[in-house]
Amino acid sequence: MKKIILFLSAFLLIGLCGCSHEKGCTVQGSISLPEYKSAYIFKTDRTPLDTIAVTDGAFSAVLADSVAQPYVVIMRFVNPSDSMDFMDMPVVVEPGVVKLELGEYIHSSGTPLNKLVEEFFVELQACKDNIMADTAVAASDVKNIISEFYKQKILANKGNVLGRYIFDYYGRSLSEADREQVKSQLVN
């Protein structure tokens with residue numbers, strides 16, 4: 001009897017450990033904008049990967065069965081009645097369940113790097129709001145403020161895929177000096 005209990009205990013422990021370490025990546029979410037009926041998933045180079053339906057404002061997709069290294073994909077939510085009406089959302093594919101809530105505000109959570117994605121967009125909006133609210137900021141200073149913001153975010157994430165994503169998508173807003181500093185420190 002002791003052997004059976006010991007075997008079952010070991011089996012249960014192995015099973016619990018195996019279940020608690022998710023190897024794949026699933027994205028689950030909701031969108032409160034009813035005009036967006038589907039989403040396309042692209043690699044960052046715009047290579048198409050998949051299409052998912054948005055049903056009653058909800059969507060779910062398995063982005064990867066296993067993830068050896070995190071990487072970024074773009075989820076493009078589209079309005080089928082207007083080809084120019086779409087919303088792109090970067091998602092870091094990493095082990096776990098990514099939670100997205102899209103509406104007036106965008107929330108990304110569930111995995112460590114996707115929490116950083118949300119922080120980046122919240123801080124970007126705050127930076128833009130501060131520029132708009134500060135009447136003392138000269139138009140010539142705006143480019144430097146934006147460049148400094150992107151430089152700080154890229155360098156803060158230089159060791160993960162978010163740093164590369166920010167550089168690739170927003171790097172054109174860097175000053176030449178900031179671009180060179182970032183390139184010298186950014187992990188490929």
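Why is α4 largely enclosed by the rest of the structure? That was my starting point today, and I worked outward from this helix. One caution before the entries: this is a predicted model.

**Entry 1: helix α4**

I counted buried residues along α4 and got seven of 10, so the helix is largely enclosed by the rest of the structure. The buried ones are Leu162, Gly163, Tyr165, Ile166, Phe167, Tyr169 and Tyr170. I then looked up what they pack against, and found β5 (71–79), β6, α2, α3 (139–156) and α5 (176–185).

Arg164 also belongs to α4, but it is not on that buried list. I have it as partly exposed, because its relative accessible area is 25% and the cut-off for buried is under 20%. I also checked how Arg164 sits relative to Val72: their C-alpha atoms are separated by 9.3 Å, although their positions lie 92 residues apart along the chain.

**Entry 2: the whole chain**

Next I stepped back for the overall layout. The protein chain has five helices and eight strands. Read from the N terminus, the order is one α, then a run of β elements, then α elements to the end: α-β-β-β-β-β-β-β-β-α-α-α-α. Of its 188 residues, 38% count as buried. I also looked at contact range: among contacts with a separation of 6 or more, 57% join residues 24 or more positions apart.

How far can I trust the coordinates? The average pLDDT of the chain is 88, and 88% of the residues score at least 70. The weak spot is residues 1–21, where pLDDT is below 50 and the model shows zero contacts beyond near neighbours in sequence. Where pLDDT is low, the predicted coordinates should not be read in detail. I am leaving that stretch alone.

**Entry 3: the largest pocket**

Which elements give two or more residues to the lining of the largest pocket? I was pleased to meet α4 (161–170) again, alongside β6 (82–93), β8 (106–109) and α2 (112–133). The biggest share comes from α2, with six residues.

The pocket holds about 400 Å³ of space. Its lining has 18 residues, and those nearest the centre are Tyr105, Ile106, Phe121, Val122 and Gln125. By type, I noted 11 nonpolar, two polar and five charged residues in the lining.

**Entry 4: the nonpolar core**

In soluble globular proteins, nonpolar side chains tend to be buried together. Here the largest nonpolar core has 47 residues, and the members touching the most others are Phe59, Leu63, Met75, Phe77 and Tyr150.

I picked Met75 for a closer look. Setting aside residues up to four places away in sequence, its partners are Val27, Tyr40, Ile41, Ile52, Phe59, Met87, Asp88, Met89, Val91 and Leu100.

**Entry 5: Phe42 and Leu33**

Is Phe42 buried or exposed? I have it as buried, because its relative accessible area is 14% and the cut-off is under 20%. Phe42 lies in strand β2 (residues 38–43). Beyond four places in sequence, Phe42 makes contact with Thr47, Pro48, Leu49, Val73, Ile74 and Arg76. From Phe42 to Pro90, C-alpha to C-alpha, I get 9.5 Å in space for 48 residues in sequence.

For Leu33, I went to the loop between β1 (25–31) and β2. Leu33 is partly exposed, with a relative accessible area of 24%. Outside its neighbours within four places, Leu33 is in contact with Met87 and Gly103. Met87 is also on the contact list of Met75. The C-alpha atoms of Leu33 and Asn79 are separated by 9.6 Å, with their positions 46 residues apart along the chain.

**Entry 6: two positive phi values**

Most residues other than glycine have a negative phi, and most peptide bonds are trans. I logged two residues that go the other way on phi.

Arg46 has a positive phi of about 75°. It sits in the loop between β2 and β3 (48–53), and at 34% relative accessibility Arg46 counts as partly exposed.

Asp56 has a phi near 50°. Its place is in the loop between β3 and β4 (58–64). At 82% relative accessibility, Asp56 counts as exposed, because the cut-off for that is over 50%.

Notes
Residues are numbered from 1 along each chain as its sequence is written. This is a predicted model: local features need pLDDT of at least 70, side-chain atom pairs count only at pLDDT 80 or more; totals for chains, interfaces and linings use all residues. Side-chain values use heavy atoms; hydrogens and water are left out. On a 1 Å grid over the protein atoms alone, a cavity is a set of points where a 1.4 Å probe fits but cannot get out, and a pocket is an open set with protein on both sides within 12 Å along at least five of seven lines; lining residues have an atom within 4 Å of a point. Grid points are joined across faces, edges and corners, and a volume is the space filled by probe spheres set on the points. Helices (H or I, at least four residues) and strands (E, at least two) are DSSP runs, numbered from the N terminus. Ala, Val, Leu, Ile, Met, Phe, Trp, Tyr, Cys and Pro count as nonpolar, Asp, Glu, Lys and Arg as charged, and the others, Gly among them, as polar. Buried means under 20% relative accessible area, exposed over 50%, partly exposed in between (1.4 Å probe, protein chains only). pLDDT is the predictor's confidence in each residue, from 0 to 100. Contact means heavy atoms within 4.5 Å. A nonpolar core is a set of buried Ala, Val, Leu, Ile, Met, Phe, Trp, Tyr and Cys residues joined through side-chain atoms within 4.5 Å.
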